Amino acid sequence: MSKSSVKPTNDFCPQTLFLYGTYDDEGKADFGLFCWFSYIWDGELGVMACIGGEKLTKDSIHKRKVFSANLVTEELLPLADFMGNTPGRSKEKMKVNAAVEAEEGRVLHVPIIKASPVNYELEVKQFIPLEDGEVLLCRIRNVLQSDLLSAGGQANSTEKLRKIAPVHTTCNRYFSWSGVDLGAWGEPMAQV
Ligand SMILES: Cc1cc2nc3c(=O)[nH]c(=O)nc-3n(C[C@H](O)[C@H](O)[C@H](O)COP(=O)(O)O)c2cc1C
């Protein structure tokens, strides 16, 4: 296989998308879209997340040390794309945030998106500041999962993933679980 060195990029390394949910001082929910999310092991399964630059999600997590991570599915993609391309402090986003059907977590004070089939309730154990970003190491305090996914035997994992249709991102575009192009960043939000 012939190869060339390219500038640092994560193109061709598809990532799963999550909407991080936080409450502000007035108890209003805010959601941001994130893909720099993965898992760690520290005696139990945990989560690591990287937040770059300054954003409302980061400020809120600093205040409360907790947030939710809600899996983005094809159904949620227009909303997720909007949340990823609109700053949390804008009037426009506050309006859409207020219309999201959300409920409080079962264990932590975090907003959970009802239409998302997998929700993590996360508590930050360690903040690792970088020059222009931050890595968060988190304890998973609860996982809420659709009963569709927990039902044993009925369907195998392939069938369950097909049903919930998680979205991937790479090359500044969105892709379905089976690899179908779902549009460029900033396109699906036109449907919100
Ligand atoms: C597809 C996609 C993935 C993103 N992933 C991240 C990420 O992993 N880390 C990050 O800091 N920002 C990420 N962003 C940018 C945030 O979603 C964006 O700054 C958003 O406005 C944050 O919401 P907030 O202002 O309500 O905190 C991503 C944006 C898009 C469109």
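I begin with a definition, since I need it for the ligand: Ala, Val, Leu, Ile, Met, Phe, Trp, Tyr, Cys and Pro count as nonpolar, Asp, Glu, Lys and Arg as charged, and the others, Gly among them, as polar. I also note that the model I am reading is a predicted one.

**Entry on the ligand.** With those classes in hand, I sorted the shell around the ligand and found nine nonpolar, eight polar and two charged residues. The shell holds 19 residues, and the closest of them are G32, W36, T57, G84 and G88. I then looked up which elements give two or more residues to this shell, and these are β3, β5 and α1. Strand β3 provides the largest share, namely four residues.

**Entry on helix α1.** I turned next to α1, which covers residues 56–64, and asked myself which of its residues are buried. They are T57, K58, S60 and I61. I looked down the axis of α1 and saw that the buried residues fall within an arc of 165°, so they line one face of the helix. I reminded myself of the general rule that an α-helix has 3.6 residues a turn, so residues three or four places apart point the same way. The buried residues of α1 pack against β2 (18–23), β3 (29–34), β5 (45–52), β6 (66–71), β9 (118–129) and β10 (133–145). T57, one of the buried residues of α1, is also among the residues closest to the ligand. After the helix comes K65, and its phi is positive, near 65°.

**Entry on M48.** I chose M48 in strand β5 and asked how many C-beta neighbours it has inside 10 Å. There are 15, and because a residue needs 20 or more to be buried and 12 or fewer to be exposed, M48 counts as partly exposed. Leaving aside neighbours within four places in sequence, I found M48 in contact with S38, I40, V135, L136 and L137. For L136 I also looked up the C-alpha separation from M48, which is 5.6 Å, although the two are 88 residues apart along the chain.

**Entry on the whole chain.** Stepping back, I counted five helices and 13 strands in the protein chain. Among contacts between residues at least 6 apart in sequence, 64% join residues at least 24 apart. Of the 192 residues, 29% count as buried. The C-alpha atoms fill a box of roughly 55 × 45 × 45 Å along the principal axes. A compact globule with 192 residues would have a radius of gyration near 16 Å, and I noted that the 17 Å of this chain agrees with that.

Key:
Residues are numbered from 1 along each chain as its sequence is written. This is a predicted model: local features need pLDDT of at least 70, side-chain atom pairs count only at pLDDT 80 or more; totals for chains, interfaces and linings use all residues. The arc is that of the directions from the helix axis to the C-beta atoms. Two residues are in contact if their C-beta atoms, placed from the backbone, lie within 7 Å. A residue is near a molecule or strand if its C-beta atom, placed from the backbone, lies within 6 Å of it. The radius of gyration is taken over C-alpha atoms; the globule rule is 2.2 Å times the number of residues to the power 0.38.
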